[in-house]
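Reader: I am new to this structure. Please choose one part of it, examine that part closely, and explain how its surroundings are arranged.

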Amino acid sequence: MTQNPWTRQPQQQPGSGPQQPSPTPSPDLTPRGPSAPQHGVPAPAEDQRLPKFAIPVADTLWWVGVHGGAGETTMSLLLPGTRAAGHRWPIPPPPVPTPVILVARTHGSGLRAAQRAAIEWASGVVQGVAVLGLVLIADAPGRLPRVLDDFADIVGGGVPRVWDIPWIEEWRRGEAPTPDNTPDEVFEVLESIYALRASNPADYPAPY
C-alpha cells in the first residue's frame, strides 16, 4: 500500500511559530471476534455463497462488497493502493493468503448478506483469504433502528473487527471522497485499517 493520505494535519494559528504535530494515538488492532475459520460452522448453500476469482499474488488489501451497492469501490478510493473485488472473493495461489475486508450497508438485506459472507468464511470453504473485518456503511442519515442495530452487533460478532462509516451527504450527491468532505469518524476508521494492514503486510494474519 502507498503512504496513508488520511492523516489529519494540525491547524496552525495565524502568527504562531512552527508547531510540532500532536502524537496520534495508536489504533487498537486487537481482534474482537474470531480471526480464523472455526470448526463446526456449516457452509452456506452454494447459491448463498459469493463467487471467487483468481489473483496472481496476495499483494494488496481487497474490499469485498457482499451485495450490490455495498460501497467497496468507495472504500478503494479512500485508501489508494487497495482494490475493489467486485462482490467476489479474490483467491491467490498458496502459500500466502490475501487480506480482505468485507463491506456492507446497514439496511436489513445488507446485514443479512454480511452475515452470509461471514459464515461462508468461518466455515472454511474460502481458502486463501484472511478476513480482517467488516466495514458497515450507513444506508441513511441518523441512528439505526434498534432492530437493525442489534442485528449489526450479531453480525459483527462473527468477524475479527467492525468499522462504522456514517452517512455522508456529499458522497450521496456523487462527490468523490476527499479529505475535505470526509468527517473525522472516517479518518479514524481509515487510520485504523491502514495501521492494521501495515502492521504485517506480508502474511497477516496466518499461513494459507
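Author: The account below takes the sheet as its subject and then turns to what lies around it.

The model is a predicted one, in which local features require pLDDT of at least 70 and side-chain atom pairs count only at pLDDT 80 or more, while totals for chains, interfaces and linings use all residues. Numbering starts from 1 along each chain as its sequence is written, and side-chain values rest on heavy atoms, with hydrogens and water left out.

The protein contains 5 helices and 7 strands; these are DSSP runs numbered from the N terminus, helices being H or I with at least four residues and strands E with at least two. Their order along the sequence is β-β-α-β-β-β-α-β-α-β-α-α. Of the contacts with a separation of 6 or more, 79% are between residues 24 or more positions apart, a contact being heavy atoms within 4.5 Å.

Within this fold, 5 strands make an open sheet, arranged E3-E2-E5-E6-E7 with parallel pairing. E3 and E7 occupy the edges with a single partner strand each, so one side of each has no neighbour in the sheet. Two strands are taken to pair if DSSP finds at least two bridges between them. In general, strands of a sheet pair through backbone hydrogen bonds, either parallel or antiparallel.

The pairings may be followed across the sheet from E3. This strand (83-84) is joined to E2 by 2 bridges, and the two run parallel; tryptophan 63 has alanine 84 in E3 as its bridge partner. Between E5 and E6 there are 8 bridges in the parallel sense, and valine 103 is opposite valine 135 in E6. E6 and E7 are also parallel and share 4 bridges, with leucine 134 bridged to valine 162 in E7.

The side chains of two strands deserve a separate look. In a regular strand the side chains alternate between the two faces of the sheet. On E2, Trp62 and Val64 lie on one side and Trp63 and Gly65 on the other, and all of them are buried, which leaves both faces covered. Buried here signifies under 20% relative accessible area, exposed over 50% and partly exposed in between, with a 1.4 Å probe and protein chains only. E7 presents another pattern: Trp163 and Ile165 point to one face and are buried, whereas Val162 and Asp164 point to the other and are not. Over the whole protein of 208 residues, 42% are buried.

The nonpolar cores come next. In soluble globular proteins, nonpolar side chains tend to be buried together. A nonpolar core is here a set of buried Ala, Val, Leu, Ile, Met, Phe, Trp, Tyr and Cys residues joined through side-chain atoms within 4.5 Å. The largest core has 29 residues, of which Val66, Trp89, Leu102, Val129 and Leu134 touch the most other members. Strands E2 (62-65), E4 (89-91), E5 (98-105) and E6 (129-137), together with helices H2 (108-123) and H3, each give two or more residues to this core. H2 provides the largest share, 7 residues. Another core, of 21 residues, lies apart from it and includes Val103, Val135, Trp163 and Ile165.

One member of the largest core, valine 129, belongs to strand E6. Its relative accessible area is 10%, so valine 129 counts as buried. Leaving aside residues up to four places away in sequence, valine 129 touches Trp89, Pro90, Ile91, Pro97, Thr98, Val100 and Trp121. Proline 99 stands 30 residues from valine 129 in sequence, yet their C-alpha atoms are 5.8 Å apart.

The largest pocket involves E7 as well. A pocket is found on a 1 Å grid over the protein atoms alone, as an open set of points where a 1.4 Å probe fits, with protein on both sides within 12 Å along at least five of seven lines; lining residues have an atom within 4 Å of a point. The largest pocket has 20 lining residues, and Thr106, Leu136, Leu144, Asp149 and Asp164 are nearest its centre. Helix H3 (146-156) and strand E7 (162-165) each contribute at least two residues to this lining, and H3 gives the most, with 4 residues.
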